[in-house]
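Thanks for making the time this morning. I would like to walk you through the empty spaces in one protein model, and then through what occupies them.

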Amino acid sequence: MKTIIYNIGTLAGILPEGVLKLEGAQMDDVNCINDAYLVIEDGIITDFGPMGNCPSICQEAALPSCRHSDEATTICHSEKPATNCHSEEPAGRRENLINAKCGFVLPAFCDSHTHIVYAGCRDGEFRDKIAGLSYEEIAARGGGILNSADLLHETSEEELYRQSMERVNEIMAMGTGAVEIKSGYGLTVEDELKMLRVIKRIKETAPITVKANFLGAHAVGRAYKGRQSEYVDLVCNEMLPKVAEEGLADYVDVFCDAGFFTVEETAKILEKAAEYGIRPKIHANELEVSGGVQVGVKYNALSVDHLEKTTDAEIEALRGSGTMPTMLPGCSFFLGLPYGRAKEYIEAGLPVALASDYNPGSSPSGNMRFVMALGCIKMRLTPEQSFNACTINSAYAMGVSDTLGSITIGKKAHLIITKPIPSLAFIPYSHQTPIIQTVIL
Ligand code: NIG
Ligand code: FE
């Protein structure tokens, strides 16, 4: 089946084949074609270019140009819907025509760090937080991650899938085309497997691309209170072998931070995961400068995530590595933490990815457009840098940038079609305006 998207005002996020991430000054640009078309065959981008080169479409609907005529926007708005165009095509035609009506066409967002499989919510802790308790204080009182683990334990696998799919549908509608989902609210062998099976089911049933991350070391399970090293052994010797045997995880994660897991415990878990060929993605430096970046780089982590607290040593450690520094401005926003030093990382020649961290405790939102806006407003990234951080670089941070994250021939056509908007900057600038016309997954 062939689909042609025509009357594209601006086709943005074009990259040549083989570009898997953008670093340093490469992040400054977003390649675009104005007045464009794009062809999809069997879900893959097979062609794109200026409208003048557009193959066999409803020419009447295609003209005049979106960009270069003052009247164009009105004409595009009021023209016949694509179905009408379709019916004017010769009988037997096997092309589906989508009129972009002068909107932007963008690669869908990639969200490389989420915890969207969880049960219930933590709105009670929201009150505690407003009253002045910190994330660590809430956790120390037995709330936080352990609170979510209790809720998850009481929830059936079916119900967990149902609740999680509501969030998956929510993020797809907001333009996310790929999502990494972590376990870590189980904290027992059975409940971690339950979470990972739900993630697997989402992978199999939803059109969004999904990567699963085993985060058994998110917190010490209640039954192991005061016996942290025994819990780490449980993760290494019981959870990991079962997770690997069932093929439930693409990645392994550890919350390497003050009050959670040490560098030594992290290394132990990553050593074990390496035996099963599972690559790490690490939670590091959210609460303190934890050494998590360095241990992540040492074990060839695909990404080190959070980085609210970093020094120059972390920038140095990441130089020349294949590890993507990933920042989560939604977490800084919600917890009132410092924002990551994204600008300095980029000035040092490094890549930066942004992700939502969608979870019930520190970032209850999966809106990647809001993440892109926070990247600009709070981290001083340009709209182009923030866009690249939310698309190609976040695709890299979840291991899918060979197939997603840009407009490239041969990549999956996971796309956003916007309403007519004046510029790329309008996307984060007017971040509450509903601009999405269609999401194609
Ligand atoms: O990435 N920091 C650790 N994990 C999550 C929060 C989990 C929770 O509070 O439920 C995060 O922020
Ligand atoms: Fe997280």
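**Cavities, ligand and pocket**

The largest cavity has a volume of about 90 Å³, and please keep in mind throughout that what you are looking at is a predicted model. This largest cavity is lined by 14 residues, among which His 115, Tyr 135, His 218, Asn 359 and Ser 362 are the closest to its centre. If we sort that lining by class, we find seven polar residues, four nonpolar ones and three charged ones.

What sits in the largest cavity? The occupant is ligand 1, and 15 residues surround ligand 1, with Tyr 135, Tyr 185, His 218, Glu 286 and Ser 362 coming nearest. By class, this shell around ligand 1 is made up of eight polar, four nonpolar and three charged residues.

Let me go through the polar contacts, taking the two that involve oxygen atoms of the ligand before the one that involves nitrogen. The side chain of Ser 362 has an N or O atom 2.5 Å from an oxygen atom of ligand 1, and a polar side-chain atom of Tyr 185 is found 2.6 Å from an oxygen atom of ligand 1. On the nitrogen side, Glu 286 places a polar side-chain atom 2.6 Å from a nitrogen atom of ligand 1. As for cover, ligand 1 on its own has 330 Å² of accessible area, and the protein covers 100% of it.

Now to the other enclosed space, since the count comes to two cavities of 30 Å³ or more. The second largest cavity has a volume of about 40 Å³, and its lining consists of Leu 106, Phe 109, Arg 369, Ile 416, Thr 418, Ile 427, Ile 435 and Ile 436. Six of these lining residues are nonpolar, while one is polar and one is charged.

Finally, there is the open kind of space, the pockets. The largest pocket has a volume of about 440 Å³, and of the 21 residues that line this pocket, Ala 139, Leu 146, Ala 219, Val 220 and Gly 259 are the closest to its centre. Which helix gives the largest share of that lining? The answer is α5, with three residues, and both α5 (135-140) and α6 (145-153) supply at least two residues each. By class, the lining of the largest pocket has ten nonpolar residues, seven polar and four charged.

Methods: Residues are numbered from 1 along each chain as its sequence is written. Chains are lettered from A and ligands numbered from 1 in the order in which they are written. This is a predicted model: local features need pLDDT of at least 70, side-chain atom pairs count only at pLDDT 80 or more; totals for chains, interfaces and linings use all residues. Side-chain values use heavy atoms; hydrogens and water are left out. On a 1 Å grid over the protein atoms alone, a cavity is a set of points where a 1.4 Å probe fits but cannot get out, and a pocket is an open set with protein on both sides within 12 Å along at least five of seven lines; lining residues have an atom within 4 Å of a point. Grid points are joined across faces, edges and corners, and a volume is the space filled by probe spheres set on the points. Ala, Val, Leu, Ile, Met, Phe, Trp, Tyr, Cys and Pro count as nonpolar, Asp, Glu, Lys and Arg as charged, and the others, Gly among them, as polar. A residue is near a molecule or strand if one of its heavy atoms lies within 4 Å of it. A polar contact is a pair of N or O atoms within 3.5 Å; within protein, one must be able to donate a hydrogen and the other to accept it, and residues adjacent in sequence count only if both atoms are side-chain atoms. Accessible areas come from the Shrake-Rupley method with a 1.4 Å probe; for residues, only the protein chains shown count as cover. A molecule sits in a cavity or pocket if more than half of its atoms lie within 2 Å of its grid points. Helices (H or I, at least four residues) and strands (E, at least two) are DSSP runs, numbered from the N terminus.
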